[in-house]
Amino acid sequence: MQEALFYQKKENNVVECRLCNHFCKIKDGSLGICRVRKNEKGVLYSLNYGELVARNIDPIEKKPFFHFLPSSWAYSIASLGCNFKCVFCQNWEISQKEEADKLGIRGKKFTPYQIVEEALEYKCRSISYTYTEPTVFFEFAYECAKLAKKRGLYNNFVTNGFMSKEAIELISPYLDAANIDLKAFSEEFYKKYCKASLAPVLENIKLMKEKGIWIEVTTLIIPGLNDSEEELKKIASFLASISCDTPWHVNRFHPDYRFYESQPTPLSTLEKAYEIGKKQGLKYIYIGNIYTEYGENTYCPECGELLIKRVGFSVEENRIYKGRCKFCNTKIEGFWG
């Protein structure tokens with residue numbers, strides 16, 4: 001166990017966790033919503049520090065990041081736990097602690113030094129804190145990120161964006177990019193299907209952008225829940241208000257975990273989201289989790305030329321030179337390395 005960051009002691013050995021926007025008030029001997037932070041006699045501990053349930057070398061495009069170090073490798077790690085309870089979670093075996101316990105899934109112990117050394121050994125350019133929610137293994141991610149920076153590696157989060165402002169302030173000097181799940185644009189959706197709330201996610205997208213962290217946003221489009229033209233327009237409009245250069249990944253849903261009420265997302269719905277995003281001024285929209293000939297390619301927003309051709313998680317051609325379109329010299333926003 002490791003003493004947690006971001007908590008305040010209250011009366012009667014109660015503590016308030018300040019790591020995410022649940023701000024759990026945890027009694028002595030009890031756990032927070034994430035199930036991996038425990039109060040023992042007025043001290044809050046992280047139960048999953050350095051205990052990794054996943055370590056993989058992934059193409060950065062798998063996260064997905066399309067404007068961050070394209071065609072590079074990311075050393076990807078995860079610990080058990082999540083501060084959301086999404087009924088459609090696609091990594092529920094490791095994100096939901098109770099489910100992992102039933103399946104007998106346990107983490108293997110690592111140090112930040114070991115993670116950074118392995119990332120360098122395998123010639124990765126970044127460490128990706130992913131698969132589960134990096135907020136709930138924040139202490140370990142923070143120590144890894146600091147060491148990684150010293151060794152010339154970049155860091156990225158794949159996150160639900162529900163961490164506290166204090167956590168963002170602390171990690172921001174070391175965090176280069178974040179892909180944030182914007183699951184819907186209604187408080188009702190977040191409360192009913194994720195046991196969370198929307199407003200902090202929106203505020204954190206803005207804050208991360210202000211901190212100079214490269215932001216990409218992913219929305220899993222679920223038929224009948226968040227696929228109306230009105231809702232898609234609200235999401236696209238919000239992203240455009242932050243920056244029209246924000247990449248928006250609109251991904252196909254497939255039934256999983258505890259949610260089988262909806263069918264897989266039709267391609268026509270994803271194409272509708274693509275067109276809505278374009279009308280709201282977004283320059284870079286990507287269709288994921290389903291094959292199309294164009295949906296994962298990057299095109300110049302000025303001259304329309306194909307700049308990055310992607311097939312699956314592979315980059316077949318890259319015509320961006322020094323962050324600019326090879327054809328018309330338009331600046332293409334991103335983190336090109």
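Which side chain does K63 meet in a salt bridge? In this model, which is a predicted one, the partner is D58, and the distance from N to O is 2.9 Å. What I would like you to notice, as you look at the structure, is that K63 is buried and that D58 is buried as well.

Let me stay with the charged residues for a moment. Side chains of opposite charge can pair when their charged atoms come close. In this structure there are 24 salt bridges, and I will go through two further pairs.

The first joins E16 to K25, whose closest N and O atoms lie 2.9 Å apart. Here the two partners sit in contrasting surroundings: E16 has a relative accessible area of 7%, so it counts as buried, the limit being under 20%, whereas K25, at 59% relative accessibility, counts as exposed. This pair also belongs to a network of salt bridges, in which E16 and K25 are linked with R18 and E166.

The other pair is E117 with R151, and there the closest N and O atoms are 2.4 Å apart. This salt bridge connects distant parts of the chain, since E117 belongs to helix α3, residues 112-121, while R151 lies in the loop between α4 and β11, and 34 residues separate them. Both are partly exposed, E117 with a relative accessible area of 25% and R151 with 40%.

Turning now to the nonpolar side of the model, the largest core is made up of 82 residues, and the ones with the most contacts inside it include F88, I115, I127, Y129 and W248, together with L182 and Y190. The element that gives the most to this core is helix α4, residues 138-150, which supplies 7 residues.

If you would like one residue to centre your view on, I would suggest L182, because leaving aside neighbours within four places in sequence, and taking contact as heavy atoms within 4.5 Å, L182 is in contact with Y190, L198, V201, L202 and I205, and also with V217, T218, T219, I235, F238 and L239. Apart from this core there is a second, separate one of 10 residues, among them Y284, I308, I332 and W336.

Finally, to the surface. Which residues make the nonpolar surface patch of about 300 Å²? They are I57, W73 and Y122. Of these, W73 is found in strand β8, which covers residues 73-79, and with a relative accessible area of 43% W73 is partly exposed.

Conventions: Residues are numbered from 1 along each chain as its sequence is written. This is a predicted model: local features need pLDDT of at least 70, side-chain atom pairs count only at pLDDT 80 or more; totals for chains, interfaces and linings use all residues. Side-chain values use heavy atoms; hydrogens and water are left out. A nonpolar core is a set of buried Ala, Val, Leu, Ile, Met, Phe, Trp, Tyr and Cys residues joined through side-chain atoms within 4.5 Å. Buried means under 20% relative accessible area, exposed over 50%, partly exposed in between (1.4 Å probe, protein chains only). Helices (H or I, at least four residues) and strands (E, at least two) are DSSP runs, numbered from the N terminus. Patches are made of residues with over 30% relative accessible area and no salt bridge: like charges are joined within 9 Å, nonpolar side chains (Val, Leu, Ile, Met, Phe, Trp, Tyr) within 5 Å. Accessible areas come from the Shrake-Rupley method with a 1.4 Å probe; for residues, only the protein chains shown count as cover. A salt bridge is a side-chain nitrogen of Lys or Arg within 4 Å of a carboxyl oxygen of Asp or Glu.
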